[in-house]
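Biologist: I am new to this structure and would like to know what stands behind each term. Please show it first, then take my questions one at a time.

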Amino acid sequence: MRILGISGSLRRQSHNTELLRNAEELLPPDAEFELWQDLKVVPPYDEEDDVEPAPPAVATLKHAIAEADGILFATPEYNSSVPGQLKNALDWASRPAGKSPLRNKPVAVIGASTGAFGAIWAQAELRKVLAATGARVVDAELAIGHADSRFDEEGRLVDASFREELEETLDTLVDAITARAPAAAAPVAA
Ligand SMILES: Cc1cc2nc3c(=O)[nH]c(=O)nc-3n(C[C@H](O)[C@H](O)[C@H](O)COP(=O)(O)O)c2cc1C
């Protein structure tokens, strides 16, 4: 099972990217995790550029999404909403309508912010956008407020209850992926 991690922050010291690194460690051993690192190079969406061949960064993004069995998004909150560069990337990934690699893809959304509420509005908006693309947004939540005091020097979540919530979110995502996978053929009786 391949899980793609997408952080909505471009910062090297991003708490949301740290959160995804924590998630990687909590996944079951049979899950392969890839942290997508190219958000910054996705060009601004322009319908006139949305032709074949796609801009290279867009093609790479769509390929990474298509190859993943599920996606874990970790988003900061900018002015009570989704950071523009993440929304922009999703606009690219959402096209062509009805044929987006996000369609039917199990996705989970978590988030961290230095404010008190842990990016809850950005998370809600991101879930709405993902649902609009046809992704299957799982019913799981993790909001880490006061993020600047939640990670130790190695970037690990300090609070055991947040680690547990993260693990529950991952279990829900893995269950959604497993439910979607075609059942293995039953052995034929001799
Ligand atoms: C442009 C901008 C707008 C922000 N708006 C909010 C906000 O609405 N709510 C909030 O809780 N934090 C807000 N913040 C603070 C972010 O939560 C904080 O910078 C956080 O660390 C960003 O996530 P990152 O560590 O993954 O980069 C804002 C930060 C920036 C730069």
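Modeller: We can start with Asn79, which sits in the loop between strand E3 (70–75) and H3. Helices (H or I, at least four residues) and strands (E, at least two) are DSSP runs, numbered from the N terminus. This is a predicted model, in which local features need pLDDT of at least 70 and side-chain atom pairs count only at pLDDT 80 or more, while totals for chains, interfaces and linings use all residues. Residues are numbered from 1 along each chain as its sequence is written, and side-chain values use heavy atoms, with hydrogens and water left out.

Biologist: Why is Asn79 called exposed?

Modeller: Buried means under 20% relative accessible area, exposed over 50%, and partly exposed in between (1.4 Å probe, protein chains only). Asn79 has a relative accessible area of 78%, so Asn79 is exposed.

Biologist: What is the phi of Asn79?

Modeller: The phi of Asn79 is near 50 degrees, a positive value in a residue other than glycine. Most residues other than glycine have a negative phi. Asn104, in the loop between H3 and E4, also has a positive phi, near 70 degrees.

Biologist: Why does Asn104 count as partly exposed?

Modeller: The relative accessibility of Asn104 is 41%, which lies between the two cut-offs, so Asn104 counts as partly exposed.

Biologist: Which residues does a cis peptide bond join?

Modeller: One such bond joins Glu52 and Pro53, with omega about -5 degrees. Pro53 lies in the loop between strand E2 (32–36) and helix H2 (56–67). Another joins Arg95 and Pro96, where omega is also about -5 degrees; Pro96 is in the loop between helix H3 (84–93) and strand E4 (106–112). Most peptide bonds are trans.

Biologist: What makes the contact between Arg2 and Glu32 a salt bridge?

Modeller: A salt bridge is a side-chain nitrogen of Lys or Arg within 4 Å of a carboxyl oxygen of Asp or Glu. For Arg2 and Glu32 the N to O distance is 3.5 Å, so the pair meets the rule. The pair links distant parts of the chain, Arg2 in strand E1 (residues 2–7) and Glu32 in strand E2, 30 residues apart. Arg2 is partly exposed at 32%, and Glu32 is partly exposed at 48%.

Biologist: How many salt bridges does this rule give?

Modeller: The count comes to three. Among them is Arg156 with Glu25, whose closest N and O atoms are 3.1 Å apart. This pair also links distant parts of the chain, 131 residues apart: Arg156 is in the loop between strand E6 (143–144) and helix H5 (160–180), and Glu25 is in helix H1 (residues 15–26). Arg156 is partly exposed at 43%, whereas Glu25 is exposed at 54%. Lys87 and Asp91 also form a salt bridge, at 3.0 Å from N to O. Lys87 and Asp91 both lie in helix H3, four residues apart, about one turn of the helix.

Biologist: How many helices and strands does the protein chain have, and why is the chain called as compact as a globular protein of its length?

Modeller: The protein chain has five helices and six strands. Its radius of gyration, taken over C-alpha atoms, is 17 Å, and the globule rule (2.2 Å times the number of residues to the power 0.38) gives 16 Å for 190 residues. The two values are close, so the chain is as compact as a globular protein of that length.
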